[in-house]
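The following exercises are to be worked through with the sequence and the coordinates at hand. Each task is followed by a solution in steps.

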Amino acid sequence: WHLADYFQISPDSVQANVVGEHGTTEVFLWSSVTIGGVPLRDLAFDQSTRETIEQAIRYANITIIEGINASQYGIGMICARIAEIVIRDEQAVIPIGSYNPHYGTTLSLPSVLGKNGVVKVLEPARTPAEQEGLLKSADALKKAYEQIHSVK
């Protein structure tokens with residue numbers, strides 16, 4: 001399910017960010033979504049549709065695994081694209097995880113990526129509630145890290 005499906009338009013026309021961890025605590029920055037430059041808040045869009053989209057995106061990997069019994073194809077496509085960006089030194093802005101001292105963990109934010117890795121992390125505008133969600137996402141990542149390293 002994609003936001004573009006709701007409006008029956010090309011996904012290339014949607015500008016949106018999902019930040020934090022990749023999973024159940026990822027944060028959808030609904031306040032900054034635009035479609036063709038028009039803020040989503042100016043379009044007819046209800047809360048239940050948002051929740052449906054969030055659920056579908058958060059659990060997309062399970063849908064893929066149920067459909068083809070694997071998720072490596074999606075992972076392979078992403079790895080190939082990242083390699084292409086690095087090899088070509090594209091300086092492309094993509095959502096990618098890197099260590100962020102402000103949050104004390106590695107999490108995903110839009111970042112400039114090239115042959116030297118992540119050279120700049122961008123902090124998109126967000127509402128106080130979205131910022132709170134990002135902090136919770138960072139806390140979940142830190143707790144997961146602590147659990148993994150306390151086992152050793």
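How many bridges join strand 1 to strand 4, and in which sense do the two strands run? Two bridges join strand 1 to strand 4 (residues 34-35), and the two run antiparallel. The model is a predicted one, in which local features need pLDDT of at least 70, side-chain atom pairs count only at pLDDT 80 or more, and totals for chains, interfaces and linings use all residues. Residues are numbered from 1 along each chain as its sequence is written, and side-chain values use heavy atoms, with hydrogens and water left out.

**Exercise 1. Place strand 1 and strand 4 in their sheet.**

Step 1. Apply the terms: strands (E, at least two residues) and helices (H or I, at least four residues) are DSSP runs numbered from the N terminus, and two strands pair if DSSP finds at least two bridges between them.
Step 2. Read the order: an open sheet of three strands runs 1-4-5, with antiparallel pairing.
Step 3. Find the edges: strand 1 (14-15) and strand 5 (38-39) each have a single partner strand, so one side of each is left without a neighbour in the sheet.
Step 4. Locate a facing pair: Val14 stands opposite Ile35 in strand 4.

**Exercise 2. Describe the sheet that contains strand 7.**

Step 1. The order in this open sheet of three strands is 6-7-8, and the pairing is antiparallel.
Step 2. Strand 6 (92-100) and strand 8 (117-121) are the edge strands, each pairing on one side only.
Step 3. Neighbouring strands of this sheet are turned by 60° against each other on average, direction ignored; the axes are lines fitted to C-alpha atoms, and angles in general run from 0 to 180 degrees between N-to-C directions.
Step 4. Nine bridges link strand 6 and strand 7 (residues 105-114) in the antiparallel sense. Ser98 has Leu107 of strand 7 as its bridge partner, and Ile94 stands opposite Ser111 in strand 7.
Step 5. The hairpin of strand 6 and strand 7 has four residues between the strands, and Gly104 there takes a positive phi near 70°.

**Exercise 3. Determine which residues of helix 2 are buried and how they are arranged.**

Step 1. Check the length: the 12 residues of helix 2 (residues 47-58) reach 16 Å from first C-alpha to last, close to the 16 Å expected at 1.5 Å a residue, where the expected span is 1.5 Å times one less than the number of residues.
Step 2. Apply the term buried, which is under 20% relative accessible area, with exposed over 50% and partly exposed in between (1.4 Å probe, protein chains only). Thr49, Ile53 and Glu54 are buried in helix 2.
Step 3. Seen down the axis of helix 2, the buried residues fall within an arc of 135°, so they line one face of the helix; the arc is that of the directions from the helix axis to the C-beta atoms.

**Exercise 4. Characterise Glu26 and its surroundings.**

Step 1. Glu26 lies in the loop between strand 2 and strand 3.
Step 2. Glu26 counts as buried, at 6% relative accessibility.
Step 3. With contact meaning heavy atoms within 4.5 Å, and residues up to four places away in sequence not counted, Glu26 touches Val18, Val19, Glu21, Ile57, Arg58 and Ser137.
Step 4. Ser137 is itself one of the buried residues of helix 5. What covers the buried residues of that helix includes strand 2 (18-19), strand 3 (27-28) and strand 7.
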